[in-house]
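Work through the exercises below with the model open. Each task is followed by its solution.

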Amino acid sequence: MTSHDASFGLWLTVSLADVLGDHGLLERIRMEVYRQKLVVLRTGAGADRAALVQLAAYLGQVVPFFDPKFQDADFPGIYLTHDRPDDSARTAKGDRMWHADYQYLADPASITLLAPYSVPEQRQGATFIDMSAALASLPDSLRPRPDTVAVHGMGRFLARTGGAVAGTPPSEVRFPARMRHPVTGSEFLYVSEAFTLHLEGAESPNLRDLLEATGQLDESLTHPNVREVPYEAGDIFVWDNRALVHRSLMATGDRGVASYRITIRDEAPLPG
Ligand SMILES: [Fe+2]
């Protein structure tokens, strides 16, 4: 097994079977997801769905996507994604808006696991913004006060992507716009292009200005906060879905990436 620490995230070259057979390594991965925010297991092998679910279950409780149409037939905890460039599908468009998974729920996902198993030759990958670093780099004029509330829901996402899907949660949820991570204690900004509808509270900054300053409105993906991480088939991405927002790269060819995604809740809910 080899590993290296990059400026963002931790890469481990390792088989999934070796991970699952090594409790110490499993525990290291679990902690590094919080510490580094992103762990990439470079397995170089096809994704074994049962093994992916086993890894996810070590990290917390697997939460199936609410629309069964996107669930794997054999493993309902696995969400099937296929990001095609010309696809008008809801998921393909939605994946190109910055977001945290399930940010519109009262109990959003803590961790996301993504295993791209079919990766075309063109530039493909995920992009991330570290919202702890983004908060730290904000000018004082845009820094939300501790009592600023961010209201999240699916309204903007549905307007962009063309309508509701089965089981779409209708309500809005409220969280502090900035808060301390329940595991690491690091302060981060909890707003996203896709799911944050507005900010509430005296002297709260303009949401659009805040999204722009963090890099979430830069369609060129060249904002200094944006970290692009290419996919290789066989990669397993595991990230902190609270301190990071993410979106897929805009695919440029005629084939997209097909992935298995598992969303996970750990035992540390967000402070409400
Ligand atoms: Fe996502």
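**Exercise 1. Find the bridge partner of V151 in β9, then place β9 in its sheet.**

Step 1. V151 has R174 as its bridge partner in β9. The model is predicted, so local features need pLDDT of at least 70 and side-chain atom pairs count only at pLDDT 80 or more, while totals for chains, interfaces and linings use all residues. Residues are numbered from 1 along each chain as its sequence is written.

Step 2. Strand β8 (residues 149-152) pairs with β9 in the antiparallel sense, over 4 bridges. Strands are DSSP runs of E with at least two residues, helices are runs of H or I with at least four, and both are numbered from the N terminus. Two strands pair if DSSP finds at least two bridges between them.

Step 3. The open sheet has 3 strands in the order β9-β8-β12, with antiparallel pairing. Its edge strands, β9 (173-176) and β12 (196-200), each pair on one side only. On average, neighbouring strands of this sheet are turned by 30° against each other, direction ignored; axes are lines fitted to C-alpha atoms, for helices over the stretch in contact, and angles run from 0 to 180 degrees between N-to-C directions.

**Exercise 2. State which residues of strand β2 lie on its covered face and which on its uncovered one.**

Step 1. In a regular strand, side chains alternate between the two faces of the sheet.

Step 2. In β2 (residues 10-13), L10 and L12 form the covered face, and W11 and T13 the uncovered one.

Step 3. β2 runs parallel to strand β3 (residues 38-42), joined by 4 bridges. T13 has R42 as its bridge partner in β3.

**Exercise 3. Identify the buried residues of helix α7 and what they pack against.**

Step 1. In α7 (residues 207-214), L210, A213 and T214 are buried (20 or more other C-beta atoms within 10 Å of the residue's own; exposed means 12 or fewer, partly exposed in between; C-beta atoms are placed from the backbone).

Step 2. They lie on the same side of α7 because they cover an arc of only 95° around the axis, the arc being that of the directions from the helix axis to the C-beta atoms.

Step 3. The buried residues of α7 pack against β7 (125-130), α5 (131-136) and β11 (187-189). After α7 comes G215, with a positive phi near 100°.

**Exercise 4. Classify G125 as buried, partly exposed or exposed.**

Step 1. G125 lies in strand β7. G125 counts as partly exposed because it has 19 C-beta neighbours inside 10 Å.

Step 2. Beyond its neighbours within four places in sequence, G125 is in contact with E228, V229, P230, Y231 and L249 (C-beta atoms, placed from the backbone, within 7 Å).

Technical notes: Contact = placed C-beta atoms within 7 Å.
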